[in-house]
Amino acid sequence: MNPTDFLNLILENIGKEENLLSLEKIIIRIKTILTYYVNDESFRKYCDKFFDLSFEKLKDKKTDFDKKNLWFSLLVFSADNSEKKAEKIVSILEGKINFENFELDRDKRWAIVIRLNSLNHEKAEEFLEKEKEKDKSDRGEKMAAVSEASNIKNKAKYWNLFVSGKGKSLDFFRDSMQGFYWRNQKKELRGYVDLFFRNIREIFEKLVNYYAKIFFTNLFPLIYAEENTLKKAKIHLEEFKDSNELLVKDMKEGIDNLERALKILEKYKNGPDGI
């Protein structure tokens with residue numbers, strides 16, 4: 001099915017979903033499709049639609065507590081490069097917008113701070129420092145790292161840290177890596193496609209397999225599902241074929257994922273609505 005047809009079908013029906021587990025699974029699929037299987041124009045278009053829907057569900061007094069937690073996650077995810085949306089989540093963080101049947105707990109506050117850093121919002125670093133003061137736990141340290149890694153100003157610093165694999169726990173690296181790639185930062189991060197392929201062999205050869213796997217899983221440039229990325233991946237697979245077996249296995253899986261995304265993007269780009 002055309003990804004945008006599927007998203008339209010979800011938009012028509014998701015508001016009526018009563019089962020909590022089903023709603024959670026649907027929202028995960030929405031995020032996956034928007035991240036990897038639609039073009040940039042459709043990404044922005046459907047982020048707008050899901051942001052507005054999520055905000056309405058949060059305002060709705062009839063939406064229960066657990067479902068509002070899921071709608072909140074979709075709201076923050078879909079707050080892409082739009083000043084209006086950014087200011088709404090700022091207002092939620094600052095307590096200017098409140099919802100019944102909803103608790104803005106520590107994890108939700110961090111989610112907003114992380115998203116604002118990914119948007120390079122003018123107050124993102126200020127909010128980050130405030131949350132760091134409030135949350136000095138181990139979890140707080142990791143969420144601060146995700147926030148910092150999400151900010152475009154810190155990409156080189158965190159890439160070098162990830163490549164070194166030193167000085168932090170595996171949990172710290174795994175969490176902070178999740179803040180590196182953002183769909184709305186594709187233009188600025190394009191240079192890291194070549195850096196990934198340049199660094200990955202040494203990481204598998206010099207660092208423990210578990211860490212190398214974390215690096216590959218989180219930093220393989222799947223958001224750049226383009227023929228050029230696929231070509232580079234295949235060239236490097238040929239270069240790596242006599243090296244670390246785990247690297248070869250992961251490269252093959254990465255190529256499969258790129259080919260799958262490219263096939264979908266190519267197949268439906270000229271459809272009635274495109275993607």
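A residue is called partly exposed when its relative accessible area falls between the buried class, under 20%, and the exposed class, over 50%. Asp194 sits at 35% relative accessibility, so it counts as partly exposed. The model is predicted. This briefing covers its largest pocket, its salt bridges, a surface patch, two buried serines and two backbone angles.

**Largest pocket**

- The largest pocket holds about 1,200 Å³ of space.
- Its lining is made by 39 residues. Phe77, Gln178, Gly179, Tyr181 and Trp182 are the ones nearest the centre of the pocket.
- Several helices supply at least two lining residues each, among them H2 (20-36), H4 (65-77), H10 (170-177) and H15 (245-268).
- H6 (106-118) is another of these helices. H6 gives the most to the lining, with 6 residues.

**Salt bridges between separate elements**

- The whole structure contains 32 salt bridges.
- Asp40 pairs with Arg183 in one salt bridge, with 2.8 Å between the closest N and O atoms. Asp40 is in helix H3 (residues 40-59) and Arg183 is in the loop between H10 and H11 (186-189), so this pair ties together parts 143 residues apart in sequence.
- The two partners differ in class. Asp40 has a relative accessible area of 36%, so it is partly exposed. Arg183 is at 10%, so it counts as buried.
- Lys232 and Asp194 form another salt bridge, and their closest N and O atoms are 2.7 Å apart. Lys232 belongs to helix H14 (residues 227-240) and Asp194 to helix H12, so the bridge ties together parts 38 residues apart in sequence.
- Lys232 is at 22% relative accessibility and therefore counts as partly exposed. Asp194, at 35%, is also partly exposed.

**Salt-bridge network**

- Asp138, Lys142, Asp171 and Arg174 are joined into one network by salt bridges that share partners.
- Asp171 is part of helix H10. Its relative accessibility is 33%, so Asp171 counts as partly exposed.
- Asp171 is 87 residues from Lys84 in sequence. Their C-alpha atoms are 34 Å apart in space.

**Salt bridge within one helix**

- Lys134 and Glu131 meet through their side chains in a salt bridge, at 3.6 Å from N to O.
- Both residues lie in helix H7 (residues 124-134). They are 3 residues apart, about one turn of the helix.
- Lys134 has a relative accessible area of 51%, so it is exposed. Glu131 is at 3% and therefore counts as buried.

**Nonpolar surface patch**

- Leu170, Val208 and Tyr210 make a nonpolar surface patch of about 290 Å².
- Val208 is in the loop between helix H12 (191-206) and helix H13 (209-219).
- The relative accessibility of Val208 is 56%, so this residue counts as exposed.

**Two buried serines**

- Ser147 is found in helix H8 (residues 138-150). Its relative accessibility is 0%, so Ser147 counts as buried.
- Beyond residues up to four places away in sequence, Ser147 touches Trp110, Val113, Ile114, Asn117 and Leu128.
- Ser91 is found in helix H5 (residues 83-93). At 17% relative accessibility it falls under the 20% cut-off, so Ser91 counts as buried.
- With neighbours within four places in sequence set aside, Ser91 is in contact with Lys96 and Ile97.
- Ser91 and Tyr181 are 90 residues apart along the chain, and 25 Å separates their C-alpha atoms. Tyr181 is one of the residues nearest the centre of the largest pocket.

**Positive phi angles**

- Most residues other than glycine have a negative phi. Two asparagines here have a positive value.
- Asn101 has a phi near 60°. Asn101 lies in the loop between H5 and H6. At 41% relative accessibility, it counts as partly exposed because that value lies between the two cut-offs.
- Asn120 has a phi of about 55°. Asn120 lies in the loop between H6 and H7. Its relative accessibility is 39%, so Asn120 counts as partly exposed.

Definitions and conventions
Residues are numbered from 1 along each chain as its sequence is written. This is a predicted model: local features need pLDDT of at least 70, side-chain atom pairs count only at pLDDT 80 or more; totals for chains, interfaces and linings use all residues. Side-chain values use heavy atoms; hydrogens and water are left out. Patches are made of residues with over 30% relative accessible area and no salt bridge: like charges are joined within 9 Å, nonpolar side chains (Val, Leu, Ile, Met, Phe, Trp, Tyr) within 5 Å. Accessible areas come from the Shrake-Rupley method with a 1.4 Å probe; for residues, only the protein chains shown count as cover. A salt bridge is a side-chain nitrogen of Lys or Arg within 4 Å of a carboxyl oxygen of Asp or Glu. Helices (H or I, at least four residues) and strands (E, at least two) are DSSP runs, numbered from the N terminus. Buried means under 20% relative accessible area, exposed over 50%, partly exposed in between (1.4 Å probe, protein chains only). Contact means heavy atoms within 4.5 Å. On a 1 Å grid over the protein atoms alone, a cavity is a set of points where a 1.4 Å probe fits but cannot get out, and a pocket is an open set with protein on both sides within 12 Å along at least five of seven lines; lining residues have an atom within 4 Å of a point. Grid points are joined across faces, edges and corners, and a volume is the space filled by probe spheres set on the points.
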